[in-house]
Amino acid sequence: MTGTSQQAPIGQQAPIGQQAPIAERRQRMPATERRELVLEAAMTDFAANGLAGTSTEDVARRAGISQPYLFRLFPTKKALFVELIGRCFQRVRDVFTAAADGLTGDEALGAMADAYEQLLEDRTLLQLQMQFYAACHDPEVREATRAEFKGLWELSERLTGLPFQTVVDFFAVGMLMNVAAAMDLPAVDERWTSWCPKD
């Protein structure tokens, strides 16, 4: 995705698993809404199975449409995956922007870190991020992921106004949190996991 689709910030959305069943929302739907439904279905499948392991047939079935219609909306499976890259990063940008509103420096950075910790509770979004990085062997995926990561980085610099190395450390800890959340390390009560935020 190029990040152009309109979507409410993550804090204003139900987690993927808590949204109304797709089957209840697919009757007599405009093409734009149908496209959103396909993206939602694809998010779930790609998060679980990655680019290589997800079939467009499964995505179409989950979205309640035919496979040929899916290809009218997205010409290839990779195009659908790339669309989700932008969507995922846009959600993080929205969260950072909302968290830092009216703040600067360390206060903004701390608010962004707290907001990101809450964002990681959406396990589908977390797994999808990990799938993006895993699929970066593909040049198109790598280019899209790099561009979106760069945009998030530059936004973080603008919102906080902090030195470059501070932003490096912020992203380093953020990636560590991704890995910890993927392994559910907060549930492990051992010294080596004591740095993890606990419920």
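In this predicted model, start by finding E83 and R35, whose side chains meet in a salt bridge with an N to O distance of 3.2 Å. E83 sits in helix α4 (residues 77-99) and R35 in helix α1 (residues 31-53), so this pair links distant parts of the chain, 48 residues apart. How accessible are the two partners? E83 has a relative accessible area of 11%, so it counts as buried, because buried means under 20%. R35, at 24% relative accessibility, is partly exposed.

This pair has company: the structure holds nine salt bridges. Stay with helix α4 and look for K78, which forms a salt bridge with E140; their closest N and O atoms are 3.2 Å apart. Here too the pair links distant parts of the chain, since E140 belongs to helix α7 (residues 139-160) and lies 62 residues apart from K78. Both ends are partly exposed: E140 has a relative accessibility of 47%, and K78 has a relative accessible area of 25%.

Helices α7 and α4 are also linked by E148 and R93, a salt bridge whose closest N and O atoms are 2.7 Å apart. Because E148 lies in α7 and R93 in α4, the pair ties together parts that are 55 residues apart in sequence. Both of these residues are buried. Elsewhere, E57, D58 and R61 are joined into one network by salt bridges that share partners.

Finally, move to T193, in the segment after α8 (164-182). T193 counts as buried because its relative accessibility is 0%. Its side chain reaches the backbone oxygen of E190 at 3.0 Å. Leaving aside neighbours within four places in sequence, T193 is in contact with L185, V188 and K198.

Terms used
Residues are numbered from 1 along each chain as its sequence is written. This is a predicted model: local features need pLDDT of at least 70, side-chain atom pairs count only at pLDDT 80 or more; totals for chains, interfaces and linings use all residues. Side-chain values use heavy atoms; hydrogens and water are left out. Helices (H or I, at least four residues) and strands (E, at least two) are DSSP runs, numbered from the N terminus. Buried means under 20% relative accessible area, exposed over 50%, partly exposed in between (1.4 Å probe, protein chains only). A polar contact is a pair of N or O atoms within 3.5 Å; within protein, one must be able to donate a hydrogen and the other to accept it, and residues adjacent in sequence count only if both atoms are side-chain atoms. Contact means heavy atoms within 4.5 Å. A salt bridge is a side-chain nitrogen of Lys or Arg within 4 Å of a carboxyl oxygen of Asp or Glu.
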